[in-house]
Amino acid sequence: MENKELISSITDWSKERLSILRTAVLFVSAAVDALALLVQTGYLTIKGTEQDFGKTFYYLGFPNLEVEEAFNAYLLSNYTAISKEGIDDLSISLARLVRSGDVDGFMSLLKGFFCKIPYDIRVDREAYYQTIFFVLFLLVGIHIEAESRTNKGRIDAVASCGDWTYLFEFKMDKNADVALSQIKNKEYFGKYLNTGKRIMMIGVNFDSEAGEITDYQKEELTPC
């Protein structure tokens, strides 16, 4: 067999094996419960157990901080098509800016990040942008709650770091003033008064066509 024919034969075989591998991965993804898969691959481990009603309940968690950070980074990379290295570089800067209360600084960083997401993989839904926002903050170790419930409704996201508590309201194809007004009018901040932290309210608007943050408005809550 000549070299060209041999190379062609190997290439065809490789393509066939790759096709079979992709089919197998899709089958496993569809057939295996995601939680079971995370435990079997070592991303989650049993952190504790509890006996009640004659049954054993298991508490799961990441085995250590390094595994948790790696999981969040790879998850975000897969969700945005931005390399893990690029996400790692951003995370340290983001954490420092959030901790220091530099809203303009970290919002500028986030605007640049969203602009890097390829148009053909993004989803034109508010929840998509909220999820990326949420995972980014988790990645840098900042405590964040999604859809935090209050007596007057739900705040899209609440993050706490250093001396600050940040209340975020997101809108799509509207404007940041509407988002900020919702926080103030519904007094979402009431739940976080008297915590010893400064409260910053931030309204953010996403443009579904451009896939980016078009504007944001901020206002620090003035103590009475």
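In what order do the five strands of the open sheet lie? The order is E3-E4-E5-E6-E7, and the pairing among these strands is mixed. The model is a predicted one. The points below cover the sheet, the helices that pack on it, and the residue Cys 161 in strand E4.

**The sheet**
- Strand E3 (143-150) and strand E7 (212-220) stand at the edges; each has a single partner strand, so one side of each is left without a neighbour in the sheet.
- From one strand to the next, the twist averages 30°.
- Strand E6 (residues 198-207) runs antiparallel to E7, and eight bridges join the two.
- Met 200 has Glu 220, in E7, as its bridge partner.

**Helices packed on the sheet**
- Helix H5 (residues 103-115) packs on the sheet and touches strand E5 (164-172), E6 and E7. The direction of H5 makes about 165° with that of E7.
- Helix H6 (residues 126-139) also packs on the sheet, where it touches E3, strand E4 (153-161), E5 and E6. The direction of H6 makes about 160° with that of E5.

**Cys 161**
- Cys 161 lies in strand E4, and its relative accessible area is 15%. Because this value is under 20%, Cys 161 counts as buried.
- Not counting residues up to four places away in sequence, Cys 161 touches Val 98, Arg 99, Ile 142 and Lys 197.
- Cys 161 and Ser 100 are 61 residues apart along the chain, and their C-alpha atoms are separated by 8.6 Å.

Conventions
Residues numbered from 1 in each chain as written. Predicted model: local features only at pLDDT ≥ 70, side-chain atom pairs only at ≥ 80, totals over all residues. Heavy atoms only, no water. Pairing = 2+ DSSP bridges. Helix = DSSP H or I, 4+ residues; strand = E, 2+ residues; numbered from the N terminus. Axes fitted to C-alpha atoms, helices over the stretch in contact; angles between N-to-C directions. Contact = heavy atoms within 4.5 Å. Buried < 20%, exposed > 50% of the residue type's maximum accessible area, 1.4 Å probe, protein only.
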